[in-house]
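Here is a short briefing on one protein chain. Keep the sequence and the 3D view open as you read.

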Amino acid sequence: MGRTWLESIDERSATALASGALQPVQAEQTEMEDDGMRFTVRWVSSLAVKDAAKVAIPGGPRDPNFNPFLNPDPELTVGPVGDGHVAILNKFPLCERHLVLARRTFEEQLRPLEHSDFAALATIMAEAGGIGLYNGGAAAGASQRHKHLQWMPEAEGNASLRLFAGGLPLGLPEQGVATHPALPMKHVFVRVLSGRGVPVEVATDSLLAGYRNACDELGLAPGEDGLLPPCNLLVGEGWLLMLPRSQECFEGISISAVCFGGTLYTRQPEQIDAIRRVGPLRALAAVGC
């Protein structure tokens with residue numbers, strides 16, 4: 001790829017917005033503090049547009065016969081990521097430059113992540129930083145069975161694992177594990193080598209090892225069908241966070257991986273009050289284990 005990833009994303013976004021293939025990001029937001037941490041709650045009007053079109057995050061209805069990632073819309077396709085993945089603009093983005101990193105061939109979303117999945121994510125993050133996201137199953141906020149990860153850039157108000165930096169141990173070695181005192185749900189942080197400037201091969205190996213360590217720590221193992229229990233994964237610069245899930249929604253608000261990075265999204269403005277009543281941490285705990 002001759003251009004940078006961000007240049008390619010911006011070029012494709014401009015043409016897709018002009019043609020109507022990509023919905024513009026229109027959001028209003030408020031901030032809430034909980035246990036000394038500042039959360040952002042965004043009402044994104046494009047999510048309501050999705051519902052009106054009977055479409056769900058990240059690209060289509062929960063219909064096993066519909067797969068927007070197997071033959072992605074050319075107007076939304078940014079380009080290949082390695083041999084096994086393709087970068088696609090999220091048609092209903094939660095923020096600007098919101099990407100889906102989908103496998104080229106179908107595989108169930110809840111099959112364990114593999115080396116190539118992390119290689120695709122590491123490729124984007126090595127250049128552009130940001131945060132990687134994985135929604136494992138419908139109960140964890142995924143709407144598509146076709147295996148994919150998501151990526152969002154670092155920007156004001158976007159999700160970031162830096163939210164938790166104050167509660168994590170300093171000097172933890174690579175592959176060291178920790179929990180955060182403010183998170184009441186079952187979870188684990190793993191120290192990894194990842195982010196801007198980390199060589200792709202180094203980050204890929206570190207992320208795969210961190211993911212497997214997190215699964216072991218949480219007791220997440222494939223069942224007889226080869227699928228994992230519902231879970232979320234977040235990858236930031238230097239940290240991996242993994243959480244098992246018990247349900248998708250808190251008071252009708254779909255909670256996906258991005259919400260555990262400190263930015264919660266609602267479809268209707270009045271849903272912000274539901275989060276404010278209990279606080280972001282209790283809303284997140286309600287869908288965890």
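Start with R38, which is partly exposed because its relative accessibility is 45%, between the 20% and 50% cut-offs. R38 pairs with E31 in a salt bridge, and their closest N and O atoms are 3.3 Å apart. Bear in mind that this is a predicted model.

**Charged pairs**

- Side chains of opposite charge can pair when their charged atoms come close.
- The structure holds 15 salt bridges.
- E31, the partner of R38, has a relative accessible area of 43%, so E31 is partly exposed too.
- R162 and E154 form another salt bridge, with 2.5 Å between the closest N and O atoms.
- E154 counts as partly exposed because its relative accessibility is 45%.
- D273 and R276 also meet through their side chains, at 2.7 Å from N to O.
- Where do D273 and R276 lie? Both sit in helix α5, which covers residues 271-278. They are three residues apart, or about one turn of the helix.
- D273 is partly exposed, at 38% relative accessible area. R276 is partly exposed as well, at 44%.
- Elsewhere, salt bridges with shared partners link R103, E107, R111, E114, D117 and K147 into one network.

**A buried charge without a partner**

- D34 belongs to strand β1, residues 27-34.
- Is D34 buried or exposed? D34 is buried, and it has no salt bridge.
- The nearest side chain of opposite charge belongs to R282, 7.8 Å away. A salt bridge needs a nitrogen and a carboxyl oxygen within 4 Å, so this distance fits the lack of a bridge.
- Which residues does D34 contact, beyond its neighbours within four places in sequence? They are F39, G279, P280, L281 and R282.

**The whole protein**

- The protein has six helices and 14 strands.
- Its radius of gyration is 18 Å, and the globule rule gives 19 Å for 289 residues. The two values are close, so the protein is as compact as a globular protein of that length.
- Along the principal axes, the C-alpha atoms fill a box of roughly 45 × 45 × 40 Å.
- How many of the 289 residues are buried? The share is 56%.
- Take the contacts with a separation of 6 or more: 68% of them join residues 24 or more positions apart.
- The exposed area is about 11,900 Å², and carbon and sulfur atoms supply 51% of it.
- The protein carries 24 positive and 33 negative charges. The mean positions of these two sets are 3 Å apart.

**Distances across the chain**

- D205 is part of helix α4, residues 200-218. Its relative accessibility is 46%, so D205 counts as partly exposed.
- D205 and A155 are 50 residues apart along the chain, and 27 Å separates their C-alpha atoms.
- P229 lies in the loop between α4 and β10, the latter spanning 231-235. With a relative accessible area of 32%, P229 is partly exposed.
- P229 and P74 are 155 residues apart along the chain, with 33 Å between their C-alpha atoms.
- What does P229 touch, not counting residues up to four places away in sequence? P229 touches L110, L220 and A221.

**Backbone angles to look up**

- Q175 has a phi near 75 degrees, a positive value in a residue other than glycine.
- Where is Q175? Find it in the loop between β7 (148-152) and β8 (177-178).
- E251 is not a glycine either, and its phi is positive at about 50 degrees.
- E251 sits in the loop between β12 (249-250) and β13 (253-254).
- E251 counts as partly exposed because its relative accessibility is 48%.

Terms used:
Residues numbered from 1 in each chain as written. Predicted model: local features only at pLDDT ≥ 70, side-chain atom pairs only at ≥ 80, totals over all residues. Heavy atoms only, no water. Helix = DSSP H or I, 4+ residues; strand = E, 2+ residues; numbered from the N terminus. Rg over C-alpha atoms; globule rule 2.2 N^0.38 Å. Buried < 20%, exposed > 50% of the residue type's maximum accessible area, 1.4 Å probe, protein only. Contact = heavy atoms within 4.5 Å. Areas by Shrake-Rupley, 256 points an atom, 1.4 Å probe, with all protein chains shown as cover. Lys, Arg positive; Asp, Glu negative; His and termini not counted. Charge placed at Lys NZ, Arg CZ, Asp CG, Glu CD.
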